[in-house]
Amino acid sequence: MEHAVSFEVTISGIKEGAVDSFILYNEGLIQSGLSAEAYAEGPLGWFDPNTSMQSLQAIQSLAARVQARFDLLIVIGIGGSNRGAVAAVGALSPTGTELFFAGDTLSATQLAKAIRLVQERNAALCVIAKDFNTIEPGITFRMLRKELERKYGSSSHERIIAIGSGGEGQLHHLAQRHQWEFLAFPADINGRYSVLSTVGLFPMAVAGVDIESLIAGGIAEHQRLTTLKPLMNPAVRYAAIRNLLSKQGSIIEALVIFEPALEGFARWWVQLFGESEGKKEGALFPTYFSYSEDLHAIGQYVQEGPRIIVETFLNYTYKSSPLVIEPSCEIQDRFDYLDDRPFDTLNEVVYQAALNAHASDQRPVIELSSSQSISAYSLGQSFYFFLFSVYLSSLLLGVNPFTQDGVEGYKKNMYHQLGKGKVWPD
Ligand code: PA5
């Protein structure tokens with residue numbers, strides 16, 4: 001099961017030895033991250049994924065019941081409450097029960113699609129919300145619940161699973177009162193750090209992901225990253241390089257993928273880094289590029305535009321494919337120089353071609369490489385690698401990774417506009 005997210009940097013603009021010096025200069029801070037002493041008030045429940053093993057059985061047994069009874073699970077959540085599951089299901093294409101993700105938009109068209117699914121399929125709902133005050137998942141859940149009630153009457157409660165804060169949490173009370181299944185959203189984990197907890201694991205398990213392997217990958221990566229010395233530690237180096245590049249004028253970091261199935265993973269990464277670090281000047285703006293497609297959209301800007309972009313190339317082997325390029329004898333399409341090559345070669349070549357073209361023009365390029373094809377285990381490692389890296393990177397930047405007060409701005413405006421707290425009509 002050995003798979004390492006090794007770390008290699010092809011970089012211009014950072015002088016030889018600068019990364020080592022930066023790490024040594026910040027060693028005290030880095031050590032406080034490696035030992036989880038920094039921001040010890042947390043929530044730091046994600047730090048040691050061994051704790052997820054405690055809920056494994058409960059998750060697996062409820063997931064098995066859902067798989068046996070329903071052919072579709074509509075997962076209602078937003079931000080950290082759904083992106084982990086979206087990432088894993090996209091990357092692994094599991095063959096369990098189908099998932100549909102809802103509650104992350106106020107588009108009526110999307111809602112209508114979800115309503116039709118409830119009407120036409122044998123569906124259950126899984127609502128996930130730590131606080132259950134966000135309008136998007138809250139109102140989507142209500143609309144879909146009503147549809148379930150119309151179709152199944154008094155037995156509709158059997159088709160609802162809520163994942164929310166235990167104890168005094170609103171969803172917990174509602175679940176108790178209306179006999180919904182309930183799983184606790186760990187109190188010491190917030191949304192974007194929840195991928196290896198019940199929040200990410202339950203929908204993944206229903207979809208057929210081997211969550212035991214996924215957690216095992218997270219645990220292995222936790223052990224590795226918390227014991228490696230800072231100078232040799234890939235998460236420390238990645239965090240240090242991001243901070244150095246930002247100090248040298250980079251503004252944007254793009255995670256570069258070459259496999260559309262990893263788009264959910266890239267979007268999970270964007271949310272994790274954006275909400276953890278986006279609190280002061282100097283925080284890199286996270287985005288992602290999906291190559292080859294984006295080479296024909298944003299590639300021009302990266303190659304010749306302002307030098308504000310860092311590209312972090314995800315050098316992951318997806319699945320190796322048996323496809324070989326067939327010669328075309330009758331139709332002279334002028335691609336015969338590609339005849340008989342394994343199709344996978346092309347993606348490997350375009351990877352190197354893009355990386356070299358950008359790096360050789362002194363554009364900063366980071367490479368994160370994995371030696372093994374994507375599996376539940378290696379994905380668990382990758383999730384943990386980035387959770388740990390963003391925690392360290394936030395320390396170096398000087399922001400608390402666990403707050404997200406800025407998100408409340410738009411919410412407050414909506415509450416005001418929609419009259420939350422007033423009796424309607426007033
Ligand atoms: O990462 C986070 O904590 C946030 O993105 C939350 O997940 C998001 O705001 C949704 O919160 P909730 O599920 O409590 O509505």
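## Starting at helix α15

Let's begin with K411, which sits in helix α15, a stretch covering residues 408-418. This is a predicted model, and in it K411 counts as buried because its relative accessibility is 10%, while buried means under 20%. Which residues does K411 touch, once its neighbours within four places in sequence are set aside? The answer is N133 and T134.

T134 turns up again in another setting: it is one of the residues that come nearest to the ligand. That makes the ligand a good next stop.

## Around the ligand

There are 13 residues around the ligand, and those that come nearest are S81, T134, R192, Q271 and E275. Sorted by class, this shell holds 2 nonpolar, 7 polar and 4 charged residues.

Where do polar backbone atoms meet oxygen atoms of the ligand? At G80, a polar backbone atom is 3.0 Å from a ligand oxygen. D131 has a polar backbone atom 2.9 Å from an oxygen of the ligand, and for R192 the distance from a polar backbone atom to a ligand oxygen is 2.8 Å. On its own, the ligand has 390 Å² of accessible area, and the protein covers 92% of that. R192 is worth a second look, since R192 is listed among the residues that come nearest to the ligand and also has that backbone atom at 2.8 Å.

## Two domains

The domain assignment splits the chain into domain 1, made of 7-35 + 214-397, and domain 2, which runs over 49-209. Domain 1 is therefore written as two pieces of the chain, and domain bounds come from an automatic or database domain assignment.

How far apart are the C-alpha centres of the two domains? They lie 30 Å apart. The domains do touch: 27 residues of domain 1 are in contact with 23 residues of domain 2.

## Two buried residues in helices

F265 belongs to helix α11, residues 263-277. Is F265 buried or exposed? It is buried, because its relative accessible area is 1%. Leaving out neighbours within four places in sequence, F265 is in contact with A87, L314, L379, S382, F383 and F386. L245 is another matter: F265 and L245 are 20 residues apart along the chain, and 23 Å separates their C-alpha atoms.

H172 is placed in helix α7, which spans residues 170-178. With 16% relative accessibility, H172 counts as buried too. The side chain of H172 reaches the backbone oxygen of G167 at 3.0 Å. G167 also appears in the contact list of H172, together with S165, G166 and F182, once neighbours within four places in sequence are left aside.

## A covered helix

Helix α8 takes in residues 198-207, and 10 of its 10 residues are buried, so the helix is mostly covered. Among these buried residues are T198, V199, G200, L201 and F202. The list also includes P203, M204, A205, V206 and A207. Just after α8 comes G208, with a positive phi of about 100°.

## Unusual backbone spots

Most residues other than glycine have a negative phi, and most peptide bonds are trans. A few places in this model go the other way.

Take the loop between α2 (27-34) and α3 (53-69), where P43 is found. The peptide bond from G42 to P43 is cis, with omega near 10°. Y39 is in the loop between α2 and α3 as well, and it has a positive phi of about 45° although it is not a glycine. Y39 counts as partly exposed, because its relative accessibility is 24%.

Another cis peptide bond joins Y291 and S292, this time with omega at about 5°. S292 lies in the loop between β8 (285-290) and α12 (299-304).

Then there is S93, whose phi is near 40°, a positive value in a residue other than glycine. S93 is found in the loop between α4 (83-92) and β3 (98-102). How open is S93? It is partly exposed, with a relative accessible area of 40%.

How values were computed: Residues are numbered from 1 along each chain as its sequence is written. This is a predicted model: local features need pLDDT of at least 70, side-chain atom pairs count only at pLDDT 80 or more; totals for chains, interfaces and linings use all residues. Side-chain values use heavy atoms; hydrogens and water are left out. Helices (H or I, at least four residues) and strands (E, at least two) are DSSP runs, numbered from the N terminus. Buried means under 20% relative accessible area, exposed over 50%, partly exposed in between (1.4 Å probe, protein chains only). A residue is near a molecule or strand if one of its heavy atoms lies within 4 Å of it. A polar contact is a pair of N or O atoms within 3.5 Å; within protein, one must be able to donate a hydrogen and the other to accept it, and residues adjacent in sequence count only if both atoms are side-chain atoms. Accessible areas come from the Shrake-Rupley method with a 1.4 Å probe; for residues, only the protein chains shown count as cover. Ala, Val, Leu, Ile, Met, Phe, Trp, Tyr, Cys and Pro count as nonpolar, Asp, Glu, Lys and Arg as charged, and the others, Gly among them, as polar. Contact means heavy atoms within 4.5 Å.
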